[in-house]
Structure formats: structure tokens, C-alpha cells
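Ready for a few exercises? Look over the sequence and the structure first, then try each task before reading its solution.

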Amino acid sequence: MRLVLASGSSIRAQLLENAGLTIEVDPSDVDERAVETPLLKADFPPEDLAAVLAEAKAENVSSRRSGDLVIGADQILAFEGQRRTKPEDMEAARRQLLEFSGKTHKLHSAVVLSKNGEAIWRSVSTARLTMRQLSPAFVGHYLANAGDTVLSSVGAYQLEGLGVQLFEKIEGDYFTILGLPLLPLLEQLRELQVIEK
């Protein structure tokens, strides 16, 4: 049995490898927008939306990898009752960061294990992040230094890099913020005897 990550996220792969896991990367080809559209219309809570998307990704890859254990993950950013997606361009990133300035948003990160096309375990963790008051000049400087990598993040920041300078307060697990609730995942892998107890 191989351990497979159903994501092209380099940070998720790095987190798993840093934890000593040997993984294969096999990104899901699930159309996330198609999965989430009816859920958004039904007003699903953001944490449930993250769980459904993570499960869809895990089951998608698992259905074509018989016997392998597949990890699916997803993250939803909720701000003032609205779900946010990755900014389309640097101007959208700038507007979003200024909107978040001095306010708190939540990151809901879900992880799912699937085998033979069926989810066998799931977990969702939430972190609350409060940005400090940001001036337009600082945001411009930050985006110029951070570069286009901010566009790969739903919040337009990477906490593991320059993005840490944006924040006043963080409540929650570091791995949740990075998009993979690693501690509950490792515990479940120990329970399944995939890794040593």
C-alpha cells in the first residue's frame, strides 16, 4: 500500500515529507467549482465545504489507485460571513489584504483519508487570524517583495514566509493555517498502523 497525496500543493507535500512520510503525489482532477456550487447555494458552512472538497479529491484519486491510501485536503477562508477564493491578480490581492487589515478571518482546513474510492476518515481544523492595521504603502511593499506566489494562497499570504509580517494575532494550529491538519492526520496514520506508534 502506498501513501498518496491527492494534491499538487508543494507545501502539503513538504509537510508530509518533513514528518518522515514517503508519499506519491497524484493531484486530483475534480472540478472543485462544480462540486461546491450546489453546496454554496444550499448555504453550507465553510468548514463543511472544506470537508466535502477534501473528500471529493481523495475519493477521485483513490478510485483509480486500488489498495493505496489517499490523502485529500482542502482549505476555505471565511471572512465576515463570506467564502473567499485565491486572488486572480496582484490588484485583487492588494484589495483583499487592505480589506482584511485590522480584522479577523478564519481558515478551515480539512483532511480526508480514502481507500478504494471511499472515505474512511476525515478531520477539520479551524484557525483564527487577525491582521494588524496595514497601510496601502506597506501592502504594496509586501506584494512587491512576496511576488506572484501570493496568488497561490487563498489569503494572499504564506505564513511561513513574508506573510507572517501581516499579522497581529494567530489562534490555531500552524499546520491548519498551511492547509493540512497534520497532527490529527499523523495520529490516524498511527491508528491504521501505516506509521509507527
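## Warming up with aromatic rings

Phe167 has a relative accessible area of 11%, and buried means under 20%, so Phe167 is buried. Keep in mind throughout that this is a predicted model.

**Exercise 1.** Work out how the rings of Tyr157 and Phe167 are arranged, and what the pair ties together.

*Solution.*
- Start with the other partner: Tyr157 has a relative accessible area of 4%, so Tyr157 is buried.
- Next, look at the geometry. The ring centres of Tyr157 and Phe167 are 4.9 Å apart, with the planes at 80 degrees. Planes over 60 degrees apart count as edge-to-face, so that is what this pair is.
- Finally, place the two residues. Tyr157 sits in the loop between α5 and β7 (167–171), while Phe167 is in strand β7, so the pair links parts 10 residues apart in sequence.

**Exercise 2.** Count the aromatic pairs, then classify the one formed by Phe79 and Phe100.

*Solution.*
- The count comes to three aromatic pairs.
- For Phe79 and Phe100, the ring centres are 4.6 Å apart and the planes make 50 degrees, so call this pair tilted.
- Now for the positions: Phe79 belongs to strand β3 (residues 69–79) and Phe100 to helix α4, so parts 21 residues apart in sequence are tied together here.
- Check burial last. Phe79 has 1% relative accessibility, so Phe79 counts as buried. Phe100, at 0%, is buried as well.

## Helices that cross

**Exercise 3.** Describe how helix α4 and helix α5 meet: angle, hand and contact residues.

*Solution.*
- Take the angle to begin with. The axes of α4 (residues 90–100) and α5 (residues 136–146) come within 10 Å and cross at roughly 135 degrees. The two helices are therefore oblique to each other.
- The hand of this α4 and α5 crossing is right-handed.
- As for who touches whom, α4 brings Met90, Ala93, Arg94, Leu97 and Leu98, and α5 brings Pro136, Val139, Tyr142 and Leu143.
- Sort those contact residues by kind and you get eight nonpolar, no polar and one charged.

One of those residues deserves a second look. Pro136 lies in helix α5. Its relative accessibility is 57%, and exposed means over 50%, so Pro136 counts as exposed. Measuring along the model, Pro136 and Lys169 are 33 residues apart in sequence and 20 Å apart in space, C-alpha to C-alpha.

**Exercise 4.** Do the job again for helix α2 and helix α3.

*Solution.*
- Here the axes of α2 (residues 32–41) and α3 (residues 46–62) come within 10 Å, with a crossing angle of roughly 145 degrees.
- The hand of the α2 and α3 crossing is right-handed.
- From α2 come Glu32, Val35, Glu36, Leu39 and Leu40, and they meet Leu49, Val52, Leu53, Ala56 and Lys57 of α3.
- By kind, the α2 and α3 contact residues split into seven nonpolar, no polar and three charged.

## Following single residues

**Exercise 5.** Trace the surroundings of Val35 and of Ile120.

*Solution.*
- Val35 is found in helix α2. With a relative accessible area of 25%, Val35 is partly exposed.
- Setting aside neighbours within four places in sequence, Val35 is in contact with Val30, Val52, Leu53 and Ala56.
- Ile120 is in strand β6. At 43% relative accessibility, Ile120 counts as partly exposed.
- With neighbours within four places in sequence left out again, Ile120 touches Leu69, Leu113, Ser114, Lys115 and Leu192.
- Now the distances. Ile120 and Glu59 are 61 residues apart along the chain, and their C-alpha atoms are separated by 9.8 Å. Val35 and Ile120, 85 residues apart in sequence, are 20 Å apart in space, C-alpha to C-alpha.

**Exercise 6.** Which phi values do Asn116 and Gln193 have, and where do these residues lie?

*Solution.*
- Asn116 has phi near 55 degrees, a positive value in a residue other than glycine. Asn116 is in the loop between β5 (104–115) and β6 (118–131), and at 46% relative accessibility Asn116 counts as partly exposed.
- Gln193 has phi near 60 degrees, again positive in a residue other than glycine. Gln193 is in the segment after α7 (182–191), and with a relative accessible area of 68% Gln193 is exposed.

Key: Residues are numbered from 1 along each chain as its sequence is written. This is a predicted model: local features need pLDDT of at least 70, side-chain atom pairs count only at pLDDT 80 or more; totals for chains, interfaces and linings use all residues. Side-chain values use heavy atoms; hydrogens and water are left out. Axes are lines fitted to C-alpha atoms, for helices over the stretch in contact, and angles run from 0 to 180 degrees between N-to-C directions. Helices (H or I, at least four residues) and strands (E, at least two) are DSSP runs, numbered from the N terminus. Angles under 35 degrees count as roughly parallel, over 145 as roughly antiparallel, 65 to 115 as roughly perpendicular and the rest as oblique. A crossing is left-handed if the near helix is turned anticlockwise from the far one by less than a right angle, and right-handed if clockwise. Contact means heavy atoms within 4.5 Å. Ala, Val, Leu, Ile, Met, Phe, Trp, Tyr, Cys and Pro count as nonpolar, Asp, Glu, Lys and Arg as charged, and the others, Gly among them, as polar. Rings of Phe, Tyr and Trp (its six-membered ring) pair if their centres lie within 6.5 Å; planes under 30 degrees apart count as stacked, over 60 as edge-to-face and the rest as tilted. Buried means under 20% relative accessible area, exposed over 50%, partly exposed in between (1.4 Å probe, protein chains only).
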